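Let's walk through this fold one piece at a time. Keep the viewer open and follow along.

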Amino acid sequence: MAKELDRFDKNLKKNLSLKAKLIAMIVGASILGVAVTGAMSLKVFGDGLLKNAESEISNTASGVHFILEDWVDNLYRYANMLSMEPSTKSFFTVPKEILPRIVPDIKFGDAPGIEKIEPKENKLDNFLANIAVRSGLDQLAFINNSGYVLGAYGMQSNQTINNPIITKALRGAPNYTFDSLGDIKYGIIAAIPVREGPNIIGVVVASYELADDGEDAYTTIVNENYGVECTVFKGKVRAAT
């Protein structure tokens with residue numbers, strides 16, 4: 001039989017009934033179980049969230065890299081096609097003063113972006129501008145084996161340039177780089193040698209701009225495809241976001 005409670009007793013724990021002690025133990029165990037379960041659930045959830053975030057970042061990085069590789073492949077394809085086209089090889093071999101006579105007259109149509117083209121005095125500039133805009137290129141140039149720009153879109157023509165990517169292509173090596181050239185603030189620039197038999201007679205340069213904005217900009221494409229903010233840096237300088 002339980003001892004009668006004495007309100008003057010300083011040791012009340014001993015006066016608790018067995019039922020009260022059991023209830024207290026059950027409540028304590030329940031609280032402890034909830035706390036442990038909650039802690040374990042948070043850890044599992046946190047680990048899962050972290051792994052999911054890591055997976056998404058990895059997939060996004062792979063996708064971004066794929067876009068760049070695809071753009072490089074496109075530049076190589078366009079430049080290769082032009083470098084092997086028999087009708088365009090003559091642009092690299094005739095004297096500069098005769099060049100305007102063999103370049104076809106261009107009448108700009110209604111392709112998207114054509115309205116941005118300003119007709120130039122150099123007919124080859126207009127010829128390349130028409131090809132570049134219709135192909136979605138931001139730069140296209142024909143450069144002879146002396147480094148002289150015969151005609152270009154996105155670059156000043158009738159000048160001699162000295163650039164490592166041009167020099168490398170004139171030595172026979174197709175190559176690309178991330179750099180600035182002409183009107184390209186920071187982009188992917190590809191250079192393909194133009195061959196006439198065993199001789200290299202010039203270089204075709206094709207480029208995409210990375211430091212721009214708008215619907216077709218690289219940063220916009222990454223944002224729309226992967227739902228992330230994208231920033232392009234040229235060294236330590238922000239080129240585009």
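Start with strand E3, residues 175-181, which runs antiparallel to E4 and is joined to it by 6 bridges. Keep in mind as you look that this is a predicted model. To get the register of the pair, find Asn 175: its bridge partner in E4 is Ala 191. The hairpin that links E3 and E4 has 2 residues between the strands, and Gly 182 takes a positive phi there, near 60°.

Now follow E4 itself, residues 184-196. This strand is mostly covered, with 10 of its 13 residues buried. On to its pairing with E5, residues 199-209: 10 bridges join these two strands, and they run antiparallel as well. A handy landmark here is Ile 188, which stands opposite Tyr 208 in E5. The turn between E4 and E5 also has 2 residues between the strands, and in this hairpin Gly 197 takes a positive phi near 65°.

Time to zoom out to the whole sheet. How many strands does the open sheet have, and what is their order? There are 5 strands, ordered E2-E1-E5-E4-E3, and the pairing is antiparallel. E2 and E3 stand at the edges with a single partner strand each, so one side of each has no neighbour in the sheet. Ignoring direction, neighbouring strands are turned by 20° against each other on average. As for what holds such an arrangement together, strands of a sheet pair through backbone hydrogen bonds.

Next come the helices on the sheet. H2 lies across E1, E2, E4 and E5, and runs at about 110° to E5. H4 packs on the sheet too, touching E1 and E2, and its direction makes about 40° with that of E2.

Take a closer look at H2, residues 86-93. Its buried residues include Thr 88, Lys 89, Phe 91 and Phe 92. Why do these four sit on the same side of H2? They cover an arc of only 145° around the axis, which puts them on one and the same side of the helix.

H4 covers residues 123-135, and its geometry is easy to check. At 1.5 Å a residue, its 13 residues should span 18 Å; the end C-alpha atoms are 19 Å apart, which agrees. The N-terminal end is capped by Asn 122, with a side-chain oxygen 2.9 Å from the backbone nitrogen of Leu 124. Just after the helix, Gly 136 takes a positive phi of about 80°. In between, the buried residues of H4 include Leu 124, Phe 127, Leu 128 and Val 133, but also Asp 125, Asn 126 and Asn 130. The buried residues of H4 pack against H2, helix H3 (99-102), strand E1 (139-144) and strand E2 (149-153).

One last stop is Asn 144, in strand E1. Is Asn 144 buried or exposed? Its relative accessibility is 10%, and buried means under 20%, so Asn 144 counts as buried. Its side chain reaches the backbone nitrogen of Ser 146 at 2.9 Å. Leaving out residues up to four places away in sequence, Asn 144 touches Phe 92, Leu 150, Leu 170, Ile 201 and Gly 202. Phe 92 is one of the buried residues of H2, and that brings us back to the helix lying across E1, E2, E4 and E5.

Terms used
Residues are numbered from 1 along each chain as its sequence is written. This is a predicted model: local features need pLDDT of at least 70, side-chain atom pairs count only at pLDDT 80 or more; totals for chains, interfaces and linings use all residues. Side-chain values use heavy atoms; hydrogens and water are left out. Buried means under 20% relative accessible area, exposed over 50%, partly exposed in between (1.4 Å probe, protein chains only). Two strands pair if DSSP finds at least two bridges between them. The arc is that of the directions from the helix axis to the C-beta atoms. The expected span of a helix is 1.5 Å times one less than its number of residues. Contact means heavy atoms within 4.5 Å. A polar contact is a pair of N or O atoms within 3.5 Å; within protein, one must be able to donate a hydrogen and the other to accept it, and residues adjacent in sequence count only if both atoms are side-chain atoms. Axes are lines fitted to C-alpha atoms, for helices over the stretch in contact, and angles run from 0 to 180 degrees between N-to-C directions.
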